[in-house]
Amino acid sequence: IQSLALLAIAAGALLAAGRASAQPPPDYGIDLVTVGAVGNAPYDGEDPFYFAYGRGRVDYEYRIGRTEITTAQWMEFVNTFAVQGLRESFVFGPASWGGQGGGPGRAYSLRTDVPNAAMLPVVGMSWREAATFCNWLHNGKSSDPVSLRSGAYDTSTFGFNPDFTYNDQQTRSPGALFWIPSYDEWLKAAHYDPNKNGPG
């Protein structure tokens, strides 16, 4: 997947099956919920297009954002580097959000013609931008541009093959504190309810 309609974030609760993290990472204002039921059965119901059949099993506990990343959360990220003159080098801007150019210096600002612009979801950023955002969170929201290069994803892998396919690191690095949810993680979280039908 090379672009995201809406950015969801997953975060470590247990880094791997049976290995608890010493301390879960901070939530940074992201409304994270814990998804348990470790080793759940995959979906085996109707699926005429085979998008979900056999998928959704996850063998570790994790946290995931209850909502998409908001404009305010994304703006903090891009403005950390825009004021350093690095905006164009790593982010082109979402297709839809509550921000706009024209803030002080090279910073973005909230739109004044949109009610509650800070809470609008960020829509249409690239997969690479989302991965870079995860690196920034992983590295404690550092203002050092080096913090964008690794942590959850190794950006040195971001490139194209001769046939124009991507060779980006698609799965998170071991020990990543924040990451783009996998299809199985997202599918499980979307249907998870610890108070319904037994163990989630």
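**A tour from serine 147 to the aromatic pairs**

Begin by selecting serine 147: the backbone oxygen of aspartate 144 lies 2.7 Å from a polar atom of its side chain. The model on display is a predicted one. Add serine 142 to the selection; its backbone oxygen lies 3.5 Å from a polar atom of the serine 147 side chain. Serine 147 belongs to the loop between α3 (127-138) and β8 (178-179). Its relative accessible area is 6%, under the 20% cut-off, and it therefore counts as buried. Leaving aside residues up to four places away in sequence, serine 147 touches Phe81, Asn135, Trp136, Asn139 and Ser142.

From here, keep Phe81 and Trp136 displayed and add Trp74, Phe77 and Phe133: these five residues form one aromatic cluster.

Next, select helix α4, residues 183-191. Which of its residues are buried? They are Asp184, Glu185, Leu187, Lys188 and Ala189. The elements covering them include β4 (32-35), β5 (62-65) and β8.

Proceed to β4 and β5. The two strands run antiparallel and are joined by 4 bridges. Within this pairing, valine 33 stands opposite isoleucine 64 of β5. In a regular strand, side chains alternate between the two faces of the sheet. Colour β5 accordingly: Tyr62 and Ile64 lie on one side, Arg63 and Gly65 on the other, and all four are buried, so that both faces of the strand are covered.

Stay with tyrosine 62 and turn to the aromatic pairs, of which the whole structure contains 13. Display tyrosine 60 alongside tyrosine 62: the ring centres are 6.0 Å apart and the planes meet at 65°, so this pair is edge-to-face. Tyrosine 60 is buried at a relative accessible area of 19%, and tyrosine 62 is buried at 0%.

Now select tryptophan 97 and tyrosine 108, an edge-to-face pair with 5.4 Å from centre to centre and 75° between the planes. This pair links distant parts of the chain, its members being 11 residues apart. Tryptophan 97 lies in the loop between α2 (87-90) and β6 (99-100), whereas tyrosine 108 lies in the loop between β6 and β7 (109-110). Both residues are buried.

The last stops concern charges over rings. Select arginine 128 with phenylalanine 160: the charged end of the arginine sits over the ring, 4.8 Å from its centre. Finally, select arginine 172 with tryptophan 179, where the charged end sits over the ring at 3.8 Å from its centre.

Technical notes. Residues are numbered from 1 along each chain as its sequence is written. This is a predicted model: local features need pLDDT of at least 70, side-chain atom pairs count only at pLDDT 80 or more; totals for chains, interfaces and linings use all residues. Side-chain values use heavy atoms; hydrogens and water are left out. Buried means under 20% relative accessible area, exposed over 50%, partly exposed in between (1.4 Å probe, protein chains only). A polar contact is a pair of N or O atoms within 3.5 Å; within protein, one must be able to donate a hydrogen and the other to accept it, and residues adjacent in sequence count only if both atoms are side-chain atoms. Contact means heavy atoms within 4.5 Å. Two strands pair if DSSP finds at least two bridges between them. Rings of Phe, Tyr and Trp (its six-membered ring) pair if their centres lie within 6.5 Å; planes under 30 degrees apart count as stacked, over 60 as edge-to-face and the rest as tilted. A charge sits over a ring if NZ of Lys or CZ of Arg is within 6 Å of the ring centre and within 35 degrees of the ring normal.
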